[in-house]
Amino acid sequence: MTQTLTLRRPDDWHLHLRDGEMLKAVLPETARHFARAIIMPNLVPPVVTGAQAAAYRDRILAALPEDMRFEPLMTLYLTEDTDPADVAAAAASGLIKAVKLYPAGATTNSASGVRDFDKVRGVLEKMAEIGLTLCVHGEVTDPEVDIFDRETVFIDRVLDPLRRVTPGLRVVMEHITTSGAADYVRGSDTDLGATITAHHLIINRNHILVGGIKPHYYCLPVAKRESHRVALVGAATSGDARFFLGTDSAPHTDPNKESACGCAGCFTATNTMSLVAEVFDHEGALDKLEGFCSLNGPAFYRLPANEERITLEKGAPVSYPAHIVSGEGPVTVFDPGFPLHWRVA
Ligand code: DOR
Ligand code: ZN
């Protein structure tokens, strides 16, 4: 007998859709399963103003196949020149649901990010006042700090001080990769949430480095040691409403990944629901899957949960294409390295 599980339609609280040909190729992969997604603004050039976010939203909706429904939840890329009034207007009109903080140089297309946090104080205070979420890429960029410690140091040096001086600021610590980050969220009030990706629930740093370098497992923040992966699975499956799914699905073409200086990002949009269902099933936590994928995120963002339902079915291993085709080149679909038994019906 097939085992089935019905959930409210899920959302993705951290997604890279890119633009142009890549957008056309990856958008249906997300829209097939997800009702909404928080859209990352790290285009080249970045989405900095409300007008740019509105134009990007239009390009996303124009790229959406006619038979699909999907709502892009837009964000602005925080720079040292961001105007608090522009942010407030974009939030008031319903256009944006968050502002994204990239420490300058932390990851793909983050050169326009923040160096001096005093310069963004006015924006953050405005955001705290209006209840607009700050999404944070939580890594320091100090070259002295080991890449495996950058998230931990960010919490101590940047995130905790920033939250202390901006009471009421709602923050999502994105794509957390350490037990310390999960503990920090658990020990905070409900103004702090965290997204967790499917791939960080599955890989540790050995997957990237043992037996030959695997560029398709390289992303930022980089996967940490196994004890951290286990802690992330514990947080995701705990039922704590401050943890929710944000895939960070980040398409790069194969030549850009399989290179002497390969790009960071795992492309999971195609098989995320199978990946997370497999992980939750393995933990005996399928009863927590709907919270993680469909309820906790909207609750944090103070949005209604989706009314539509999806059904997951467990059966013979599901196969996914090794890559999707885009006008810019092939994009490899994340391979968990074990069979997936859950499919979206
Ligand atoms: O692995 C990543 N890829 N991490 C990020 O923070 C950015 C993303 C991208 O845009 O490719
Ligand atoms: Zn991202």
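Here are legends for a few close-up views of this predicted model. Residues count from 1 along each chain as its sequence is written, while chains are lettered from A and ligands numbered from 1 in the order they are written. Local features need pLDDT of at least 70, side-chain atom pairs count only at pLDDT 80 or more, totals for chains, interfaces and linings use all residues, and side-chain values use heavy atoms, with hydrogens and water left out.

**View 1. Who surrounds ligand 1?** There are 13 residues around ligand 1, and R18, N42, L220, H252 and A264 come nearest (near means a heavy atom within 4 Å). This shell splits into four nonpolar, seven polar and two charged residues. Here Ala, Val, Leu, Ile, Met, Phe, Trp, Tyr, Cys and Pro count as nonpolar, Asp, Glu, Lys and Arg as charged, and the others, Gly among them, as polar.

**View 2. Oxygen atoms of ligand 1 and their polar partners**. A polar side-chain atom of N42 sits 2.9 Å from an oxygen atom of ligand 1. For H137, a side-chain N or O atom is 3.2 Å from an oxygen of the ligand, and for G265 a polar backbone atom is 3.3 Å from one. (A polar contact is a pair of N or O atoms within 3.5 Å.) On its own, ligand 1 has 290 Å² of accessible area, and the protein covers 100% of that (Shrake-Rupley method, 1.4 Å probe).

**View 3. The zinc ion (ligand 2) and its donors**. Three residues coordinate the zinc: H14 (NE2), H16 (NE2) and D248 (OD), at 2.0 to 2.1 Å. Donors are N, O and S atoms within 2.8 Å of the metal (3.2 Å for Na, K and Ca), and water isn't among the atoms, so sites may look incomplete. Along the sequence, the donors follow the spacing H-x1-H-x231-D. H14 is in strand β2 (residues 12-15), but D248 is in the loop between β9 (243-245) and α9 (254-257), so the pair links parts of the chain 234 residues apart. Helices (H or I, at least four residues) and strands (E, at least two) are DSSP runs, numbered from the N terminus.

**View 4. Backbone oddities in the loops**. The V44 to P45 peptide bond is cis, with omega near -5 degrees; P45 lies in the loop between β3 (36-39) and α2 (50-63). Another cis bond joins L220 and P221, with omega about -5 degrees.

Terms used. Polar contact = N/O pair within 3.5 Å; in protein donor to acceptor, adjacent residues only side chain to side chain.
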